[in-house]
2 protein chains.
Amino acid sequence: MNKAARTKQFIVEKTAPVFNEKGYAGTSLTDMTNATGLTKGSIYGNFANKDEVALAAFEYNIRQITDIIRQEKAKHDTYRGKLLAYVHTYNNFLKHPFPAGGCPILNTATEADDTHPALKERAAWALGKWKEAVMQDITRGILQGEFDKDTPVEQAALTILAMVEGCLMITKLTGKMHYRNAIMQSLETFIREL
Amino acid sequence: MNKAARTKQFIVEKTAPVFNEKGYAGTSLTDMTNATGLTKGSIYGNFANKDEVALAAFEYNIRQITDIIRQEKAKHDTYRGKLLAYVHTYNNFLKHPFPAGGCPILNTATEADDTHPALKERAAWALGKWKEAVMQDITRGILQGEFDKDTPVEQAALTILAMVEGCLMITKLTGKMHYRNAIMQSLETFIREL
DNA sequence: TTAAAAATATACCAATCGGTATAATAATTC
DNA sequence: GAATTATTATACCGATTGGTATATTTTTAA
């Protein structure tokens with residue numbers, strides 16, 4: 001890993017939380033130089049434009065979360081346990097190195113909707129991957145006899161995603177932790193009833 | 001209603017969809033003059049600054065939705081019917097004059113989180129009002145014997161909100177209508193099981 | 001209808017935006 | 001260790017940002 005690659009990585013790591021908190025349009029080059037301590041020339045020597053940094057930062061934030069989830073899922077053998085890992089992870093997300101600013105998919109979905117199609121595409125892709133992962137857990141759980149074999153797999157997966165994202169949004173907006181606990185309680189019930 | 005008040009209203013109506021689509025930071029004064037056909041001087045003669053217009057536009061978008069929901073709820077006598085009105089309204093929201101850009105609470109929650117505290121406060125307030133309305137429907141439904149008397153009222157209300165907002169986010173990001181239908185199906189089931 | 005008041009348009013402000021050419025510096029290769 | 005290449009900093013670009021002072025036009029009240 002040569003100097004250039006290291007600096008590139010450094011820029012991504014330092015700007016990722018800023019992009020996630022302030023959004024794409026809200027993050028200026030000045031924010032980026034402040035976050036990194038580097039100058040504009042230095043940043044533009046490693047990236048073609050702000051878009052490239054934003055995209056790389058988004059990927060970084062996504063990977064941050066998927067790594068945590070994968071780790072937590074691995075702790076459980078049953079597929080119900082793996083699904084419940086979402087509940088417990090998000091319910092204690094202060095314990096984990098979650099990206100500052102919350103869920104990057106949620107953040108990107110609303111802002112980049114009309115303004116930044118490339119970023120929106122990445123966010124949609126990430127959501128799709130997440131959906132597939134949950135669907136796979138449900139499908140395998142059905143095969144293992146853990147879940148009802150008549151479970152509508154895609155619908156259940158989408159419902160889990162919606163509850164998690166809705167929960168994150170409400171918690172972020174209100175700051176009330178018992179709101180989060182309440183919604184996560186419902187999600188747990190939903191998963192246990194599959 | 002004198003000229004000034006009419007112009008103020010006109011500015012709000014024309015800029016409200018722009019703010020909701022592009023966000024607060026993403027909407028420039030040029031966007032506002034384009035949307036209204038007025039000049040900067042004219043806008044600043046009626047509002048102190050961009051903040052004031054953004055706040056008024058947010059209130060306008062919120063009222064737009066609450067009016068529709070109130071109307072749809074009034075069509076049903078039962079409280080279960082009133083709750084299901086959320087499902088049916090959002091499921092056919094193309095039929096209604098919903099604000100362009102989707103749910104203003106969702107849009108504001110993510111963007112204004114760190115950047116615009118006043119707007120965030122209004123969004124949190126609107127969400128709180130919504131939560132209270134749903135809780136009231138559930139409480140009255142319990143008194144009427146429609147719902148199980150052991151229903152955790154606040155938890156159920158928050159879950160409904162989370163599912164709706166999560167659904168809106170996923171639909172906005174992916175554009176897939178059958179995702180929306182699936183999640184709304186789960187919400188309907190949830191309400192019917194209260 | 002005319003005078004006072006209010007609303008709108010024009011022209012401008014400093015500051016910041018994203019981006020770049022060039023010079024200086026550091027890393028790499030021979 | 002010297003030469004070359006890659007990386008970073010400086011200084012600047014035009015365009016756009018939010019905002020304002022002033023002039024002009026339009027409402028409103030007498």
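1. Two helices of chain A, α2 (29-36) and α3 (40-46), and two of chain B, α1 (3-22) and α3 (40-46), each supply at least two residues of the surface near DNA strand C. The structure is a predicted model, and the points below should be read accordingly. Within this surface, α3(B) gives the most, with five residues.

2. DNA strand C is surrounded by 19 residues, and the closest of them are Leu29(A), Lys40(A), Tyr44(A), Lys50(A) and Ala4(B). Of the atoms of DNA strand C that come within 4 Å of the protein, 66% are accounted for by sugar and phosphate. Divided by class, the residues of this surface are three nonpolar, 11 polar and five charged.

3. Both protein chains place side chains at phosphate oxygens of DNA strand C. On chain A, an N or O atom in the side chain of Ser28(A) is 3.1 Å from such an oxygen. On chain B, the side chain of Thr39(B) has an N or O atom 3.0 Å from a phosphate oxygen of the strand, and for the side chain of Asn46(B) the corresponding distance is 2.9 Å.

4. Turning to DNA strand D, 18 residues surround it, and the closest are Ala4(A), Leu29(B), Lys40(B), Tyr44(B) and Lys50(B). The surface near DNA strand D draws at least two residues from each of α1 (3-22) and α3 of chain A and α2 (29-36) and α3 of chain B. The largest share comes from α3(A), which gives four residues.

5. The composition of the surface near DNA strand D is three nonpolar, 10 polar and five charged residues. Sugar or phosphate makes up 67% of the atoms of DNA strand D within 4 Å of the protein, and bases make up the rest.

6. The contacts to phosphate oxygens of DNA strand D include both side-chain and backbone atoms of the protein. Thr7(A) has a polar side-chain atom 2.9 Å from a phosphate oxygen of this strand. From chain B, a polar backbone atom of Thr27(B) is 3.3 Å from a phosphate oxygen, and a backbone N or O atom of Leu29(B) lies 2.7 Å from one.

7. An unreviewed UniProt entry annotates residues 28-47 of chain A as "DNA-binding region". In the model, the chain over residues 28-47 of chain A is 75% helix and 0% strand, with its end C-alpha atoms 15 Å apart. Ser28(A), whose side chain has an N or O atom 3.1 Å from a phosphate oxygen of DNA strand C, is a residue of the annotated range.

8. Away from the description of the DNA strands, helix α8 of chain A may be noted. This helix covers residues 153-174, 22 residues in number, and reaches 32 Å from its first C-alpha to its last, close to the expected 32 Å. Because 20 of its 22 residues are buried, α8(A) is largely enclosed by the rest of the structure. The residue that follows α8(A) is Gly175(A), which has a positive phi, near 75°.

9. A final remark concerns Lys95(A), in the loop between α5 (79-91) and α6 (104-115) of chain A. Lys95(A) counts as exposed because its relative accessibility is 69%, and exposed means over 50%. Between Lys95(A) and Thr115(A) there is a separation of 20 residues in sequence and of 34 Å in space, C-alpha to C-alpha.

How values were computed
Residues are numbered from 1 along each chain as its sequence is written. Chains are lettered from A and ligands numbered from 1 in the order in which they are written. This is a predicted model: local features need pLDDT of at least 70, side-chain atom pairs count only at pLDDT 80 or more; totals for chains, interfaces and linings use all residues. Side-chain values use heavy atoms; hydrogens and water are left out. The expected span of a helix is 1.5 Å times one less than its number of residues. Buried means under 20% relative accessible area, exposed over 50%, partly exposed in between (1.4 Å probe, protein chains only). A residue is near a molecule or strand if one of its heavy atoms lies within 4 Å of it. A polar contact is a pair of N or O atoms within 3.5 Å; within protein, one must be able to donate a hydrogen and the other to accept it, and residues adjacent in sequence count only if both atoms are side-chain atoms. Ala, Val, Leu, Ile, Met, Phe, Trp, Tyr, Cys and Pro count as nonpolar, Asp, Glu, Lys and Arg as charged, and the others, Gly among them, as polar. UniProt positions are given in the numbering used here, feature names are shortened, and annotations may be inferred rather than shown by experiment.
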